[in-house]
Amino acid sequence: MSELPKTYEPQAIEEKWYAQWLADGCFDAHPERVSPSRPAYSIVIPPPNVTGVLTLGHVLNNTIQDILARRARMLGKEVLWLPGTDHAGIATQTVVERTLKKSGAIRHRDDLGREKFLEKVWEWKEKHGGIIIQQLKKLGASCDWKRERFTMDPEYSACVQQVFADLFRKGAIYRGKRMVNWCPVSRTALSDEEVVMKSQSGALTHFRVEIAERPGTFLTIATTRPETIPGDTAIAVNPNDPRYQEYIGLHAVRPLPRELPQAERLVPIIADTHVEFGFGTGVLKVTPAHDKADFEIGQRHGLAAVDIMHPDGTMNALAGADLAGLDRFEARKVAVALLTELGLLDKEEPHQNNVGYSERADVPVEPRLSSQWFLRYPATEASREVVRSGKMRFFPERWSKVYEHWMENLQDWCISRQLWWGHRIPVWYFRGTDAEAAHKAVGHAVPPEAVRQLEDGSIAYCGLEAPADLAQWEQDGDVLDTWFSSWLWPFATMGWPENTQTLKAFYPTTDLVTGPDIIFFWVARMIMAGFEYMGERPFDNVYFTGIIRDKQGRKMSKSLGNSPDPLDLIAKFGADALRFGVMRSAPLGQDVLFDEKNVELGRNFCTKLWNAARFRQMQAGSPEAEIRSELLTTDDKWILLRLDTAILEVSTALDEYRFSDAAQTLYRFFWSEYCDWYVEAAKASLNSGNEGIRENTLAVMDFVLAHALRLFHPFLPFITEELWHGLGFHQDLPEEQGGRSLMQAPWPKPLGADFHAHYGLLPEDEARAQARFDVVQAGRGLRRDFNLPSNKRVPFVLQATAPLSEHDLEVIRILLNAESLQNADDAWSPSRGTPSSLTPLGNLYLPLDGLVDVAAERERLGKEITKIEQELVKVRAKLSSETFVSGAPANVVAEHRQRESDWNARLGEIRRIAEALAG
RNA sequence: GGGCAGUUAGCUCAGCGGUAGAGCGGCUCGUUUACACCGAGUUGGUCGGGGGUUCGAUUCCCUCACUGCCCA
């Protein structure tokens, strides 16, 4: 084994090991190896957008998955972590279209036409599509890359089409003219989930309409959308509103378009209980074509829906000469001006309201009446039950309530998109009106339910195979919502609809790790698809991460420029450092405030680990020699007990998905316990000149390090692998159990009763070691109080109350950096004013001949006396309370009595010293 | 309007019925043969306000306030 360099240089080492793992097939899943003794463990990656780049959100998400996968391997499971990417319909199409526009190649995608445009998107995908995958590899993700999938792979597309056709034939998919969320920029319909509500300050326009039957009488209407007045087909009031009852059934004169004769501008005044008394004036303009609630009112009252806009959000001819051609927001201003001109404007007042925005294009969506494909969700009951019963568990649990609430209020899913990039809808419309003729015209045998008459009277065929004679048919031009393909991810990636060995072995998957922001988009829909097509839940557990924010708590966003590039962080600090830093600050169920300091801490920790290993290496000696129980020192026993505790704590934390707790424990154990105390104490053994003790200490160190590296490996895969080999721990191990790679070594088990018995580890060993550490801390405190620099070697005297071995004294001496440590008997008495401190092992003195600052020591003792007296006041107050003594459990009272007597003894001792000082 | 989180040291958070903790930061000392990406010491808190339950509340209950998120 070559000597480890002084500092850990992650870059070269990370690349080396990642390549090695790939070459050794360490990440490959073998379904045929699954057996009762080798259970399956599987995760499907939440597929990132194919054109995406790695963000800190991905880092959090994928590090967690990697930790789970790596630990599962070490626990002896057959692991499949299945990777892939999502074609991300709107997102990708928008990016490519924008780029083409920027380069001046096109003004709109229509300039290229569907086929040419799609060619460009595929080109783009080939060029940029692999980036995020490469970045995940840099992070150390142990995915089975041979199984990488893309939601537009031919086999995957076939799954999507098949599911569509199946749901069509079951009647769960229908086409209808409905109010949908329309994005005027992308010019497509969106699902409700793709609309985000934003609070906005706008204006509430109050304007008057004249009652046709009572000239000179006006009603005042308050609206946020005056530009839609030309589309109004009624005025509505609440039937129970006494202010307006007399007008119900009369007509109002709609002011716009003003060029129309009054007769063509009359709209009925109707009564509808959905009109709010309190909003505005209580009089509502009803625009069925441009508002969801108005559409419903229109349905109830048989009103016409007059669409006054083009798909791009500009006003059309029906809006009237004044508004036609204007953008909807420009038209809003013009409409107000027209109302003013007509003398109908009452007032405009500032108004806060919520407006739905297109998630992708970030513009207000336009409620629009259009013909789209909708899905009535399948398998809803099983999907609800599986979570309700706890058979599928959510972490944190509270998300199950959010899920339940959404499932309870399911709205049909608008699945068609007026885009080109995506899965083309497998529906053809018959150029004719005779259903029977249509069935024959398909040209090949299809079941009767594959051909259906739609709401609008047209006849549609749905199937995987196109009709034979395309002249009689026209294919639907739309594509499917991206999520209509992602919801099949857990099984479509494993070879469905064939019942493959992979599916048999790995479905349902074990864990899903994702953000709560896509619980509806993705998680809930996958559950329904899983039940519908696999007859079984897609996963056992769903872990919801927090959202990554900056240190001020703001969401990461490009426009704020507050999202650091993970690749920069990896280059600067190393992948392990990034992983550890993020995991240490990502508690279950809470958002993560990202601060580069955390990554720095991760880097520092890696360096610490590295140097601790170097220290061990510099001591030479063969790795992992046998530990001899008869040679164990107090410190050896202590660190073995602490290791045992760490193994238990880390394992439990990981079992419960408490990753930050696991990281904290590892940090504390390795840095505070192993490095700060054990290694320093062990220097006494290493320098003792006793070869046996020295060898045994090294054996203990190796034992601890070999365990620690395994515990750390899921968090810090690269550095632990390097050290595993660098320290020679792989030697003498079977190939598949750590001989080749640490990632195949078994996960540490708690040491167990036999181990404790064999090495004579007793609970009191911990207390004994701790007592010596208390002596050391007391001594360091004395040094500090008397301004003795930590490098000044001074003598200490310990008046021990119990026998102490030479070795233990030497350990204390070294940790105190003392010139000498005298173990004095009762007869010894310090000279007047000698600083002292009471420790669990007796009085510790710091004799400072000629240097004693009596005043300083008196002051110090005075402070301590005050502190003890305060504690005594507190504990005595409790003990003197009759209600406490009689009401509290006996053990608690006893504990308080003990506390009182301890403090009392201590006070007496310190007073005695103080008096001696006063002399 | 409904729901869910959160409010503990300067910052980030743990504790969740019986002596207020960690990391970071600050301050002081230190180049003691693994590590200055370090070591030692030290400074920081009437645990958001108000009620209640209890012998005892940061911890349980109610209520209010504020912050953030989700759904209308």
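User: Axes are lines fitted to C-alpha atoms, for helices over the stretch in contact, and angles run from 0 to 180 degrees between N-to-C directions. In this predicted model, at what angle do the axes of helix α19 and helix α24 cross?

Analyst: Two packed helices are described by the angle and the distance between their axes. Helix α19 covers residues 634-655 and helix α24 covers residues 763-785, and their axes come within 9 Å. The crossing of α19 past α24 is left-handed. The angle at which these axes cross is roughly 115 degrees.

User: How many charged residues does the contact of α19 with α24 have?

Analyst: From α19, the contact is made by Thr634, Asp635, Lys637, Trp638, Leu641 and Arg642, and from α24 by Asp765, Glu766, Arg768, Ala769, Gln770, Arg772 and Phe773. Sorted by class, this contact has four nonpolar and two polar residues, and the count of charged residues is seven.

User: Which helix gives the largest share of the surface near RNA strand B?

Analyst: Several helices each supply at least two residues of this surface, among them α20 (659-686), α26 (854-879), α27 (882-887) and α28 (890-918). Helix α24 belongs to this group too, as does α18 (596-618). The largest share, 11 residues, comes from α18.

User: How many polar residues does the surface near RNA strand B have?

Analyst: There are 46 residues around RNA strand B, and Gln590, Arg603, Thr607, Trp671 and Pro889 come nearest. By class, 16 residues of the surface are nonpolar and 16 are charged, while the number of polar residues is 14.

User: Of the atoms of RNA strand B within 4 Å of the protein, what percentage belong to sugar or phosphate?

Analyst: Some side chains have an N or O atom beside a sugar or linking oxygen of the strand: for Arg614 the distance is 2.9 Å, and for His896 it is 3.2 Å. Among the atoms of RNA strand B within 4 Å of the protein, those not in sugar or phosphate belong to bases, and the sugar or phosphate part is 62%.

User: How far is a base oxygen of RNA strand B from an N or O atom in the side chain of Thr607?

Analyst: Thr607 is one of the residues that come nearest to RNA strand B. The distance from an N or O atom of its side chain to a base oxygen of the strand is 2.4 Å.

User: What distance separates the centres of domain 1 and domain 2?

Analyst: Chain A is divided into domain 1, residues 195-359, and domain 2, residues 567-761. Taken over C-alpha atoms, their centres are separated by 70 Å.

User: What is omega for the cis peptide bond that joins Trp496 and Pro497?

Analyst: Most peptide bonds are trans. Pro497 lies in the loop between α13 (489-492) and α14 (501-506). Another cis bond runs from Phe395 to Pro396, with omega near -10 degrees. For the bond between Trp496 and Pro497, omega is about 10 degrees.

Terms used
Residues are numbered from 1 along each chain as its sequence is written. Chains are lettered from A and ligands numbered from 1 in the order in which they are written. This is a predicted model: local features need pLDDT of at least 70, side-chain atom pairs count only at pLDDT 80 or more; totals for chains, interfaces and linings use all residues. Side-chain values use heavy atoms; hydrogens and water are left out. Helices (H or I, at least four residues) and strands (E, at least two) are DSSP runs, numbered from the N terminus. A crossing is left-handed if the near helix is turned anticlockwise from the far one by less than a right angle, and right-handed if clockwise. Contact means heavy atoms within 4.5 Å. Ala, Val, Leu, Ile, Met, Phe, Trp, Tyr, Cys and Pro count as nonpolar, Asp, Glu, Lys and Arg as charged, and the others, Gly among them, as polar. A residue is near a molecule or strand if one of its heavy atoms lies within 4 Å of it. A polar contact is a pair of N or O atoms within 3.5 Å; within protein, one must be able to donate a hydrogen and the other to accept it, and residues adjacent in sequence count only if both atoms are side-chain atoms. Domain bounds come from an automatic or database domain assignment.
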